[in-house]
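Reader: Hi! I'm new to looking at structures, could you walk me through this one?
Author: Happy to, let's put it up and start.

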Amino acid sequence: MKKRSILPLALLMLPTAWAAEPAWFAWPALLPAADIPPAQVPRRRPGRPPPSPPETAGEINLGAITPAPVDAVGEFVPVPDRWRLMEALGFQFPWYDPYNQNVLKADKPIREDWFLNLLGISDTIIEPRSLPTPVGPQGSARPGAYDPFSQPRQLILAQTLIAGLVYYKGNTTFKPPEWEYRITLAGQFNRVQTRELRTTRIDPRRGRNRSDAHLGVQELFVDKHLRDVSARYDFDSIRIGIQPFSSDFRGFLFQDNQFGVRLFGNRDNNKWQYNLAWFRRVEKEINSGLNDVGAGLRDDDVFIANLYRQDWPVLGFFSQATIAHNRNREDEFLFDDNGFLARPASLGGERPRRYQVTYLGLNGDGHIGRLNLTTSAYYAHGRSRPGSFVPFPTRIRAGFLAAEASLDFSWIRLRGSLAYATGDRNAYDDKSTGFDAIFENPIFAGADTSYWIRQNVPLVAGGGVTLSGRNGMLNSLRSSKELGQSNFDNPGLRLLGVGGDFDLAPEHRLSFNLNHLWFDHTATLEALRQQAPIPRSIGFDASLAWIWRPFMTQNVVFRLSAAGLFPGRGFKALFPDERHYSVLANLVLSY
Amino acid sequence: MRERNFRHLVLMMLFLAGCSGEGNAPPAVGVAPAPSGAGSQGCTGSCASAQSFLSPPEVERILAQAAQEAQARNRPAVIAVVDRVGNVLAVYRMNGAPATMRIVSGRPVRGGLEELIVPSELAAIAKAITGAFLSSEGNAFSTRTAGQIVQEHFNPGESGQPGGPLFGVQFSQLPCSDVNTRFDGASVRPGPHRSPLGLSADPGGFPLYKGGTPVGGIGVAADGLYTLDPDVSDRDLDVDELIALAGTFGFAAPPERRAERITVEGKTLRFSDADFADLRSDPARVPALGATAGQILAVAGYAPAAIRAGTAFGTPASGIRPDRLDYPGLDAFVLVDGSDSERFRPRAAHDGAGALSENEVRTIMQRALALANRMRAQIRQPLGSQARVSIAIVDREGAILALARTRDAPVFGLDVSVQKARAAAFYSSAAAASVLASLPRTSYFRIALEPGRAVLSVSEEREPQALIPALRGFLARPQALSDGAIAFSARAIGNLARPFYPDGVRGASAGPFSRPFEQWSPFHVGTQLDLVYPAVALHLAHVLNQSGLAIFLGTTLIAPAPSSDNPVPLPDPPPGSCTATPRLANGHQIFPGAVPIYRGNTLIGAVGVSGDGIDQDDLVAFLAVHEAGQALGGGLGHAPRELRADQLAPQGVRLRYVQCPTTPFLDSSAQNVCEGL
């Protein structure tokens with residue numbers, strides 16, 4: 001069990017969207033499992049009448065071995081520790097076999113109570129896509145390019161290798177580890193092929209394509225188990241270093257692997273859980289999205305306090321309250337490795353900018369009866385100095401709501417999604433009412449299989465600012481999700497979606513999603529494009545995904561998805577009336 | 001301190017009175033309200049009336065407000081006020097104001113206009129004209145705005161981004177232009193008037209508004225420098241700008257029209273770093289102009305020693321009035337002279353075989369006007385406004401065949417549209433090399449002012465014909481400029497006239513029209529200035545001479561001080577003499593908005609457009625030629641594709657021919673409308 005629970009954590013560190021899948025069982029992996037007495041959960045199949053109990057109760061155990069005679073007790077074979085019982089009984093497994101007891105997978109200690117867990121993941125992405133692509137302003141790829149939009153087709157290839165090492169002390173089957181040291185490195189090679197100049201790098205002489213590689217430190221932390229506070233191993237623990245963290249259940253506000261100090265623990269038999277954390281964000285490398293430790297820490301702090309309550313208000317539902325404060329003081333110009341201006345964004349006033357914003361959040365996840373439900377609500381309150389469009393400070397007042405409900409019918413899960421991020425009503429006033437997150441990674445409404453969440457559509461000719469970020473759904477008009485600053489002068493988002501998962505077989509899952517997206521207010525877009533009116537509708541985003549796990553495990557997962565964007569009137573007012581696609585082929589091999 | 005508090009109280013009350021409840025910035029302090037007929041959107045091009053002009057008392061008040069602020073800062077200034085078409089209504093010199101301004105970009109560059117000493121009144125006039133000429137009922141731009149859009153990157157300092165959209169516009173409205181008119185020594189006259197130094201990028205020049213419509217501009221020279229701001233991301237308190245801003249009180253541009261409400265490539269433009277709260281004086285309570293020590297100056301070639309009333313824009317007196325003859329139903333405006341005769345009615349070319357006919361010229365102009373009227377403006381508020389532009393058609397020798405404008409287009413575009421058209425016609429022509437080879441060498445001067453005389457000394461010499469081998473080598477086309485085999489659009493010429501090729505890429509070498517970046521500044525750009533500098537320098541020497549100084553070149557006397565029997569020892573360069581060839585009579589321009597016109601494979605002229613975003617200017621020029629060609633049954637059109645400059649990819653980077661804008665039309669959401677033409 002241990003290695004299964006650790007793998008999703010390792011997957012979390014990938015910024016690429018397939019991290020999505022593991023992420024939604026990653027959060028409880030941070031915490032001990034729920035403890036619901038089995039008697040309270042009647043056995044039944046969703047959508048079917050409850051099975052009638054067996055007519056006769058009683059022991060039926062034909063061929064059972066009779067218990068050992070009493071006098072056999074005492075004939076002990078001494079073994080070093082209980083993890084080596086199997087060895088003592090004569091079982092032998094190859095050293096590399098992760099499916100049986102393995103010292104490299106922390107099934108057995110390497111000395112006393114110290115365990116070692118090695119992780120290896122290979123993640124391969126092939127991603128053909130199409131995007132409205134601006135013609136290179138200084139020189140186009142072809143003659144006869146007289147218009148602002150070039151050929152939209154692009155191809156992304158990315159191969160990521162992740163190696164992780166966990167070294168910890170503890171008796172983890174029974175209680176939290178006492179010490180944990182962890183390092184995870186991710187190396188990525190990526191290549192982007194486009195049909196226009198200045199899409200991948202600002203210098204048109206460097207061509208239409210780009211290859212790049214980066215080694216990122218995605219985890220590097222020590223975790224000290226401070227104390228147990230109850231007989232049920234409720235605890236307080238502190239973790240220092242680059243660590244994964246998710247501010248809520250679906251990664252709406254802040255989900256990242258960042259440097260920080262986090263005090264966390266639980267109470268009352270795990271009914272209450274808490275986090276007190278400070279993160280100072282590490283710079284990221286723009287093309288891989290991986291941490292760039294060499295570039296140092298950003299002048300950006302995130303302070304988070306949150307409290308989880310299990311089985312509240314109803315059994316099976318987790319509720320959480322959060323206060324997060326993001327203080328950004330990055331008032332210096334920064335260009336990314338491709339030569340584009342990352343901070344401040346090449347947008348509006350383009351003045352160096354600081355901001356501080358406090359998020360108050362209420363989140364929930366679980367089920368109410370048969371209804372699976374996840375909810376999220378945030379209110380952002382703060383100040384941007386100056387605003388994105390104006391030379392004077394603006395007051396940030398923005399809100400966000402999201403909910404996703406689903407029902408299971410045997411092997412079918414049907415769901416509906418709703419999201420609302422407020423948009424800014426007037427680019428030039430002293431209020432910034434567009435919602436933006438700190439670092440979103442939404443596992444929602446189809447996540448990275450959805451066109452709008454996966455792709456970063458460039459808004460302004462030149463491509464320096466995108467509508468929503470890659471693996472982001474908020475139309476926050478940042479330079480990039482990775483390096484850019486939050487921007488609260490943005491058009492916001494409205495999303496309504498339906499979807500379904502079909503577990504055709506243990507090896508096969510088919511999912512679909514159909515979302516309709518709108519901007520909330522297009523005033524900022526109108527200001528940026530000097531064009532009005534711009535209607536709200538972005539359009540329909542339809543996607544289909546197939547997940548194949550040939551061995552019914554997470555060790556080999558293949559995913560193939562395709563999404564299409566069918567533009568609405570707002571999109572057509574900004575870009576050519578063309579449908580766009582996003583295809584994702586993804587193979588994840590885990591050890 | 002009490003007075004200061006009181007002033008703030010007054011400003012606050014004004015602010016509250018002027019606040020419409022729509023947000024609270026910028027406060028509408030010092031803005032005359034739009035007329036009641038303008039509607040909730042404010043003025044959109046039709047507010048100008050016969051009463052829209054500055055009266056002498058108003059000019060005096062503007063001068064007094066500026067002078068009061070200058071006095072409060074103890075920075076005596078020279079203050080100029082002009083009307084919308086550039087008549088200089090008054091130049092006021094406060095006692096103790098610096099006599100001259102030094103032109104400096106701040107870049108380590110010598111020569112060109114760098115380090116040149118110019119009379120302060122010329123700097124003030126250039127700044128006032130810039131504020132007036134760049135503005136309209138839809139947009140209020142200042143000299144600070146100009147500074148933001150003429151540098152090597154847009155925004156300045158944002159490396160990797162191409163140069164400013166109006167890169168090179170500083171060398172327009174030149175004193176030698178044949179489009180711009182000049183003071184005749186007596187009364188205000190029809191414009192557009194010339195500017196002594198072209199357009200200014202130095203903060204301290206603003207437009208002036210009455211009732212939501214521009215009625216002129218104010219320019220201030222106090223700080224001793226004629227420069228530009230290389231960093232638009234910070235906030236400067238520039239003395240010239242503060243003084244000029246005080247002058248605009250009561251005549252300030254409507255806040256919702258100012259540059260900071262207008263975006264280009266998603267970036268807001270700058271209007272002013274200072275606002276009324278930064279003033280040390282209260283312009284609402286200004287004493288008469290006589291309270292400050294100073295005098296109204298006469299400036300040779302620009303103004304008498306008197307305060308005059310401005311002209312009402314759109315009336316014949318302004319030189320720009322509605323068309324009555326050639327462009328029915330197109331809401332067009334044309335240029336007229338002092339007797340209300342049209343200056344540039346459509347006419348046939350007489351430049352040899354296949355010349356453009358009058359009907360062809362008129363058709364192209366009509367198409368261009370119609371396109372502009374349905375095009376989305378890039379630089380105007382409210383959003384959804386029509387683009388407003390000036391359109392020029394020239395023959396292959398640069399003669400103007402037609403010049404007209406749509407309603408409320410900014411005035412600067414008249415001269416610029418001709419400059420752009422001439423550039424496209426000239427460099428596309430097979431005669432370009434031989435004409436360039438015939439041009440005299442350009443000598444750049446330093447000027448030292450000594451008692452009673454100005455002494456010029458040659459600082460640098462440039463051969464205009466050096467462009468020929470440079471361009472041929474760069475393009476790897478040994479016959480370029482003499483075979484007529486390349487159709488150059490203004491955009492393509494612009495690509496080649498930036499200090500980096502490709503444009504904006506740091507470390508790349510300069511285009512052949514440009515000086516290398518280490519030797520480049522907005523005051524020393526390369527071919528564009530090399531060609532017009534002799535005329536500009538002659539004009540400067542003329543003004544200095546008229547101010548009573550003898551002119552020496554080294555120790556040689558060129559012109560004695562004027563006397564009664566020799567009142568003009570050094571004549572002003574005549575209209576149309578900006579270069580030594582009539583093909584480029586008012587110089588040439590190096591930013592987009594013009595295409596050459598062909599009959600089959602033969603160049604027959606060019607159309608130039610200026611006044612809105614450069615992509616909009618491109619579209620009007622490009623589609624007008626295409627549509628006119630279709631309407632005329634194919635007699636004319638664009639250059640064959642194989643001749644167009646975008647077939648060339650020097651140094652591996654393709655030249656651009658034109659770029660049409662996103663969502664170009666107000667009446668459709670069509671994109672990519674220039675594809676395949």
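Reader: How many helices and strands are there in chain B?
Author: Chain B has twelve helices and 20 strands. Keep in mind that this is a predicted model.

Reader: And how compact is chain B?
Author: Its radius of gyration is 24 Å, close to the 26 Å that the globule rule gives for 677 residues, so chain B is as compact as a globular protein of that length. If you draw a box along the principal axes, the C-alpha atoms of chain B fill roughly 75 × 65 × 50 Å.

Reader: What share of the residues in chain B is buried?
Author: Buried residues make up 64% of the 677.

Reader: Cool. Let's talk sheets. In what order do the strands of the five-stranded open sheet in chain B come?
Author: The order is 5-6-1-2-10, and the pairing is antiparallel. Strand 5 (205-210) and strand 10 (294-296) of chain B stand at the edges with a single partner strand each, so one side of each has no neighbour in the sheet.

Reader: How much are neighbouring strands of this sheet turned against each other?
Author: By 20 degrees on average, ignoring direction.

Reader: Can you zoom in on a pair in there?
Author: Sure! Strand 1 (residues 78-83) and strand 6 (residues 213-221) of chain B pair in the antiparallel sense over six bridges. Within that pair, A80(B) sits opposite G219(B) of strand 6.

Reader: Which strands does helix 2 of chain B touch where it packs on the sheet?
Author: Helix 2 (residues 56-72) of chain B touches strand 1, strand 2 (88-94), strand 5, strand 6 and strand 10. The direction of helix 2 makes about 25 degrees with that of strand 2 of chain B. Helix 5 (residues 239-248) of chain B packs on the sheet too, touching strand 1, strand 5 and strand 6. For helix 5, the angle with the direction of strand 6 of chain B is about 145 degrees.

Reader: New topic: how many residues lie between the strands in the hairpin of strand 15 and strand 16 of chain B?
Author: Two residues, and in this hairpin G452(B) takes a positive phi near 80 degrees. Strand 15 (residues 442-450) and strand 16 (residues 453-462) of chain B are antiparallel, joined over nine bridges. One bridge links I447(B) with L456(B) in strand 16.

Reader: Last one! How is chain A divided?
Author: Into domain 1 (2-33 + 113-590) and domain 2 (75-101). The centres of domain 1 and domain 2 of chain A, taken over C-alpha atoms, are separated by 42 Å.

Methods: Residues are numbered from 1 along each chain as its sequence is written. Chains are lettered from A and ligands numbered from 1 in the order in which they are written. This is a predicted model: local features need pLDDT of at least 70, side-chain atom pairs count only at pLDDT 80 or more; totals for chains, interfaces and linings use all residues. Helices (H or I, at least four residues) and strands (E, at least two) are DSSP runs, numbered from the N terminus. The radius of gyration is taken over C-alpha atoms; the globule rule is 2.2 Å times the number of residues to the power 0.38. A residue is buried if 20 or more other C-beta atoms lie within 10 Å of its own, exposed if 12 or fewer, and partly exposed in between; C-beta atoms are placed from the backbone. Two strands pair if DSSP finds at least two bridges between them. Axes are lines fitted to C-alpha atoms, for helices over the stretch in contact, and angles run from 0 to 180 degrees between N-to-C directions. Two residues are in contact if their C-beta atoms, placed from the backbone, lie within 7 Å. Domain bounds come from an automatic or database domain assignment.
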